[in-house]
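Consider the following structure and work through the exercises below it. Each task is followed by a stepwise solution.

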Amino acid sequence: MMAVFEDVRSAPSHIIDGESLPGGGATFMSSINPFSGETLWSGCAATASDTEHAVQACHQAFSGWRATPYEERKAVVLGFADLVRENLEELTGLLCAEAGKTLREARHEVEALIAQGQACIDAYEAHCPETVSMAGGRRSSTRYVPLGPLAVIGPFNVPLIRPNGHIMPALLSGNTVVFKPSEHTPLSGVAMALLWQQAGLPPGVLNSLSGGQAAGEQLAAHPDIAGVLFVGGHEAGMAVFEAVKHHPDKVLALDMSGNNPLIVHDVSAAALEAASRIVIQSAFTSAGQSCLAARRLIVRSIAGNLVEQVVADCARLQIGDPARADPEPFFGPLITPMAARRAMDRFRALIDAGGVCLLEPKISGPDNTLMSPGIADVTECIDDMDEEILAPILKVYRYDNELEDAIALANDTRFGLSAGIICNDRADRDMASQQIRCGLFTWNQ
């Protein structure tokens with residue numbers, strides 16, 4: 001097995017045209033352990049020259065990669081998955097140190113990345129075959145062709161699996177890629193790019209640039225980039241949109257934010273603890289730093305015992321050093337001290353707007369990034385903030401009895417990423433799944 005890094009402190013800033021480059025810009029960036037505040041790595045943020053170099057390498061490699069037989073492209077993806085498996089422990093430790101994931105969560109993401117390769121292959125082969133049909137004596141065929149050089153911009157909270165949800169299909173389809181990881185997890189991005197190189201990608205097919213939002217906007221707007229595939233927050237996503245809105249020739253995919261509802265409609269006294277576990281896992285896994293996390297708990301007014309159970313269970317949750325194995329905390333830190341301060345400000349604003357504090361969050365830890373769960377009843381709030389608060393904060397809404405009222409509350413948002421319901425009746429489940437506007441719907445999970 002070849003380790004991804006001999007020493008993370010000597011990791012390159014960029015991977016361009018098959019070369020590991022330190023970067024020559026005057027703007028420095030660092031990878032910071034969000035729990036301890038320790039600097040793991042420092043390097044140079046991408047300059048305009050670095051971006052141009054990466055895009056041109058991607059552009060030059062496109063004709064050769066698109067002509068590469070599909071089976072060879074498929075073999076590279078499977079080889080990448082094998083290398084991830086060989087480096088599972090190193091990548092798990094890296095995610096724990098850089099993204100603040102617990103060891104359990106970090107290992108789960110790496111294992112999911114291994115499985116993702118075959119899943120993307122299966123999806124490509126199921127959905128993208130060439131088809132031929134005859135109609136009215138005419139022969140018609142449909143085939144899928146690559147777009148060209150693509151920009152993939154990834155998030156900090158799932159820095160391996162989410163960008164690869166774009167990268168793997170792009171490479172299988174014959175596209176080339178310039179990847180910009182989150183500025184909070186540059187080491188994870190560089191590690192991933194190095195493994196792709198080891199898997200046998202020709203130079204220039206996948207390039208990696210370390211940098212912040214400005215680098216992402218510059219990359220997205222480059223005239224030789226055929227499409228932009230983004231996963232991240234709403235503000236950054238809208239900045240990418242602004243950068244490309246006058247370029248209708250570019251394909252744009254934006255996956256950004258959620259203010260996700262979880263309805264609790266019918267729970268017996270015997271099932272309170274189980275329902276509470278579902279709520280807590282939905283809202284507070286990864287310290288609430290998941291785009292799919294439940295942000296809004298919508299409960300029947302008569303189900304006060306459930307809210308009390310959730311509050312009591314949350315007060316007992318263990319949080320702390322994500323690298324601790326025994327006992328392992330339920331979740332670790334927020335990604336930066338600023339993120340923790342911002343989340344605390346948003347919670348206090350909810351209370352100032354008429355919300356009732358059911359469980360007050362507290363900030364602690366060596367770098368002030370640990371935030372305990374905060375729960376507020378915002379049923380009578382004059383401004384419940386239809387936004388994604390990427391933190392362990394849960395807003396409670398109460399409705400009288402009718403499921404229609406809960407569904408109306410669930411749909412009272414400009415977002416529509418995910419939603420869920422806890423109930424016994426399949427008819428209630430079906431009604432909610434059909435009427436709530438969301439992309440992912442869960443039932444009792």
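Two exercises follow, on the overall fold and on one helix.

This is a predicted model, in which local features need pLDDT of at least 70, side-chain atom pairs count only at pLDDT 80 or more, and totals for chains, interfaces and linings use all residues. Residues are numbered from 1 along each chain as its sequence is written, and side-chain values use heavy atoms, with hydrogens and water left out.

**Exercise 1.** Determine whether the radius of gyration of the protein agrees or disagrees with that of a compact globule.

*Solution.* Step one: the globule rule is 2.2 Å times the number of residues to the power 0.38, with the radius taken over C-alpha atoms. Step two: for 445 residues the rule gives a value near 22 Å, and the protein has 23 Å, which agrees. Step three: 53% of the residues are buried (under 20% relative accessible area, 1.4 Å probe, protein chains only). Step four: among contacts (heavy atoms within 4.5 Å) with a separation of 6 or more, 72% join residues 24 or more positions apart.

**Exercise 2.** Identify the buried residues of helix H7 and establish how they are arranged about its axis.

*Solution.* Step one: helices (H or I, at least four residues) and strands (E, at least two) are DSSP runs, numbered from the N terminus; the protein has 13 helices and 20 strands. Step two: in H7 (residues 213–221), Ala-215, Gly-216, Leu-219 and Ala-220 are buried. Step three: viewed down the axis of H7, these residues fall within an arc of 130°, so they line one face of the helix; the arc is that of the directions from the helix axis to the C-beta atoms. Step four: the buried residues of H7 pack against helices H1 and H8 and strands E7, E8 and E10.

How values were computed: Buried means under 20% relative accessible area, exposed over 50%, partly exposed in between (1.4 Å probe, protein chains only).
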